[in-house]
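User: I've just opened this one and don't know my way around yet. Can you walk me through it?
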Amino acid sequence: MKVKNVEGPSINSMYVAVEAYLDGKISCEETVSKLKDSELPADKLAGIMRQLSDYGDKGRYSLICKECKLFGVY
């Protein structure tokens, strides 16, 4: 019996996008654009951001949080 992934691929791909930004692989603008296009509910996006709060560069994390709030992503 196969178990269906309840969270779906968009949550996983957005987690990977934020993680890639924190690693310096993609720009802040590209990350915010991907997050906006995903149309994830704010609570799901907030969960992703909380999970990654201790990951990578703190300055980059702070910037992505500010940009997300500025553009109304969450």
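Analyst: Start just past helix 2. E39 follows that helix, and its phi is positive, near 55 degrees. Keep in mind that this is a predicted model.

User: Why flag the sign of phi?
Analyst: Most residues other than glycine have a negative phi. E39 is not a glycine, yet its phi is positive, about 55 degrees.

User: Where does E39 sit, and is it buried or exposed?
Analyst: E39 is in the loop between helix 2 and helix 3. Its relative accessibility is 68%, so E39 counts as exposed.

User: What about P41, where is that?
Analyst: P41 is also placed in the loop between helix 2 and helix 3, the latter being residues 42–51. With 42% relative accessibility, P41 counts as partly exposed.

User: How far is P41 from Y74 in space?
Analyst: Their C-alpha atoms are 8.1 Å apart. Along the sequence, P41 and Y74 are 33 residues apart.

User: Back up a bit. What's the overall layout?
Analyst: The protein chain has 4 helices and 0 strands. Along the sequence, the pattern reads α-α-α-α. The chain has 74 residues, and 35% of them count as buried.

User: Which residues are buried in helix 2?
Analyst: C28, T31, V32, L35 and S38. Looking down the axis of helix 2, these buried residues fall within an arc of 125 degrees, so they line one face of the helix.

User: And which exposed residues are on the face turned away?
Analyst: E29 and D37. They are carried on the face of helix 2 turned away from its buried side.

User: Now helix 4. Which residues are buried there?
Analyst: Y61, I64, C65 and C68 are the buried ones in helix 4. They cover an arc of only 100 degrees around the axis, which puts them on the same side of helix 4. On the other side, K66 and L70 are exposed.

User: Why does Y61 count as buried?
Analyst: Its relative accessibility is 16%, and the cut-off for buried is under 20%. Y61 also has a distant partner in sequence to look at, C28. The two are 33 residues apart along the chain, and their C-alpha atoms are separated by 9.8 Å.

User: Does the length of helix 4 add up? What should it span, and what does it span?
Analyst: Helix 4 has 13 residues, 58–70. At 1.5 Å a residue, the helix should span 18 Å. Its end C-alpha atoms are 18 Å apart, which agrees.

User: What caps its N-terminal end?
Analyst: D57 does that for helix 4. A side-chain oxygen of D57 lies 2.7 Å from the backbone nitrogen of G59.

User: And what follows helix 4?
Analyst: G72 follows helix 4, with a positive phi near 70 degrees.

User: Last topic. At what angle do helix 2 and helix 4 pack?
Analyst: About 45 degrees, with the axes of helix 2 and helix 4 10 Å apart. Helix 2 covers residues 28–38.

User: Why call that oblique?
Analyst: Angles under 35 degrees count as roughly parallel, and roughly perpendicular runs from 65 to 115. An angle of about 45 degrees falls in neither group, so helix 2 and helix 4 are oblique to each other.

User: Is the crossing left-handed or right-handed?
Analyst: Helix 2 and helix 4 make a right-handed crossing.

Conventions: Residues numbered from 1 in each chain as written. Predicted model: local features only at pLDDT ≥ 70, side-chain atom pairs only at ≥ 80, totals over all residues. Heavy atoms only, no water. Helix = DSSP H or I, 4+ residues; strand = E, 2+ residues; numbered from the N terminus. Expected span 1.5 Å × (residues − 1). Buried < 20%, exposed > 50% of the residue type's maximum accessible area, 1.4 Å probe, protein only. Arc of directions from axis to C-beta. Polar contact = N/O pair within 3.5 Å; in protein donor to acceptor, adjacent residues only side chain to side chain. Axes fitted to C-alpha atoms, helices over the stretch in contact; angles between N-to-C directions. Parallel < 35°, antiparallel > 145°, perpendicular 65-115°, else oblique. Left-handed = near helix turned anticlockwise from the far one by under 90°.
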